[in-house]
Amino acid sequence: MRDEDFVPVEEYKIFFEEKIDNEVWFGREVGTDIEEGIPNPNGCQKISKVSTTLRNILDSIEWIEPSVISIGPYHYGRDNLQEGQKLKSLCAQMFIDESNQQMELLYDTVEKEIEELTNRYEHWVRSQYSTKSLTTMLLLDGCFLLYVIYCFCDSKEGGFNSWKFTNHQMACIKQDLFLLENQLPFRVLYLLYKNATFSGMSMEDMIEEFVITNIPMPRGISGILRTDTPCHLLHFLQGAFLGRLDLEATISQQQTQLRRERKSFRKGQERPNWSTYKNVQQLMAAGIRFKPSTSNYLTDISFTSYFGITGCLRLPPITINTSTLITFLNLIAFESSDTTNHLGVISYLCFLDSLIDHWDDVKELQSARVLHNFVGDQREVAQFFNHVCGKLVPNPVTYRDVQQQIEAHVERYYRSKTRIWLSQCRYTYFGSPWSIIALIGAVLGLFLTAVQAYTSFFSDSTN
């Protein structure tokens, strides 16, 4: 293309303003703001609504919409949430009183940054609500959210009892706080707690502990390894799941590996083929067993091959229940809506989906203490991974080294009949304590029979 073919930016904008129907060009929901998709200066993406694609995949809104409490503008004013709205005002006032702050100063602090804060949401929010309404909404929801965290982490559960909510309703409130469409910019929380004075734990530690308690793991973790400021609580939860210490370095390493693979492919080397990748049953047939990882981070997946005869795939232990599924689905929606995201949770779920084809695969992972199923039917767990995760697109580099190691082990295993025989012997006679006892009993029986025959023969010869 020649230089004279380029259209200056200013002429391009004038052309759009005079000739183009923006509603037709950009769509009615997106509006006329050409800069709507540009990230915020601090690197945080907008708090988006769940995409139509994911809504069609799941065909359900139960995991999208809050059931007790609305946070932010997306579900504000719904009739079924009015009882929770009354609760928010009570908790907000309690937070302001117990943090020794003044409502007027907090309102002014939020109002000074209201334009930047509302830019974190979709464009229609600014046109639907006034500045006064948005400032009041963020102030109310932020104070409520911080007081809930304060009560959960500072031994103030008695306060929840005074609200006359059942344990089920309180669990639903906590679940509502981690829905994608129910998020509050983390900047709002910081503005509200930066001058707060509490006895005991700091507010930062309380928020971290509150997020950790929402991780569906059979064992706790020691802390959250993150160096960047999260955009909201769901983003914080993603970091707690993944435990990445330096996300930018990780993404840079993945991009370097992709470039290296493309370069090797151009030179004529064979590109990795994952069409032969196996499920749990097939991997076990190739001598691979499953064990829980030493940590609960979703990134802690490793594989070790022992001379091509047997192998061990270690996976982070995870609990599957209704709350877990809702949390994962909202993390999927969050990662899908963020173009700068490295798709850590989606890649993990897709890796599990590659292992789970049938309900008996779930059964084997349960036996290995990798998966703790509280949904009930193992078929429901398999259906979740096959129906939902099977339609997701993971990061192509994540877990690539583990997949390559597994492929190499499987190919090496089936090339040697000796390895197959040794592996079958190992798992036939040494696969469980009972088989070992049976083998020892059989060997001992043969030994005693041989001793008896020997003594009988020599006693007859002597006579």
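Angles from 65 to 115 degrees between two directions count as roughly perpendicular. The legends below describe close-up views of a predicted model.

**Figure 1. Helix 8 packs against helix 12.** Two packed helices are described by the angle between their axes and the distance between the axes. Helix 8 covers residues 131-153 and helix 12 covers residues 203-212. Their axes lie 9 Å apart and make an angle of about 80°. The two helices are therefore roughly perpendicular to each other.

**Figure 2. Residues in the contact of helix 8 with helix 12.** Helix 8 contributes Leu146, Ile149, Tyr150, Phe152 and Cys153. From helix 12 come Met203, Met206, Ile207, Glu209 and Phe210. By type, the residues of this contact are nine nonpolar and one charged, with no polar residue.

**Figure 3. An open sheet of three strands.** Strands of a sheet pair through backbone hydrogen bonds, either parallel or antiparallel. Here the strand order is 1-3-2 and the pairing is mixed. Strand 1 (288-292) and strand 2 are at the edges and have a single partner strand each, so one side of each is left without a neighbour in the sheet. On average, and ignoring direction, neighbouring strands of this sheet are turned by 20° against each other.

**Figure 4. Strand 1 beside strand 3, with helix 17 packed on the sheet.** Strand 1 and strand 3 run parallel and are joined by five bridges. Phe290 has Leu313 of strand 3 as its bridge partner. Helix 17 (residues 344-355) touches strand 1 and strand 3. The direction of helix 17 makes about 140° with that of strand 3.

**Figure 5. The hairpin of strand 2 and strand 3.** Strand 2 spans residues 302-306, strand 3 spans residues 310-315, and the two run antiparallel. Five bridges join them. Ser302 stands opposite Arg314 of strand 3. Three residues lie between the two strands of the hairpin. In this turn, Phe307 has a positive phi of about 60°.

**Figure 6. The protein around these views.** The secondary structure consists of 22 helices and five strands. Of the 463 residues in the protein, 44% are buried. Among contacts between residues at least 6 apart in sequence, 71% join residues at least 24 apart. The accessible surface of the protein is about 25300 Å², and 53% of this surface belongs to carbon and sulfur atoms.

Conventions. Residues are numbered from 1 along each chain as its sequence is written. This is a predicted model: local features need pLDDT of at least 70, side-chain atom pairs count only at pLDDT 80 or more; totals for chains, interfaces and linings use all residues. Side-chain values use heavy atoms; hydrogens and water are left out. Two strands pair if DSSP finds at least two bridges between them. Helices (H or I, at least four residues) and strands (E, at least two) are DSSP runs, numbered from the N terminus. Axes are lines fitted to C-alpha atoms, for helices over the stretch in contact, and angles run from 0 to 180 degrees between N-to-C directions. Angles under 35 degrees count as roughly parallel, over 145 as roughly antiparallel, 65 to 115 as roughly perpendicular and the rest as oblique. Contact means heavy atoms within 4.5 Å. Ala, Val, Leu, Ile, Met, Phe, Trp, Tyr, Cys and Pro count as nonpolar, Asp, Glu, Lys and Arg as charged, and the others, Gly among them, as polar. Buried means under 20% relative accessible area, exposed over 50%, partly exposed in between (1.4 Å probe, protein chains only). Accessible areas come from the Shrake-Rupley method with a 1.4 Å probe; for residues, only the protein chains shown count as cover.
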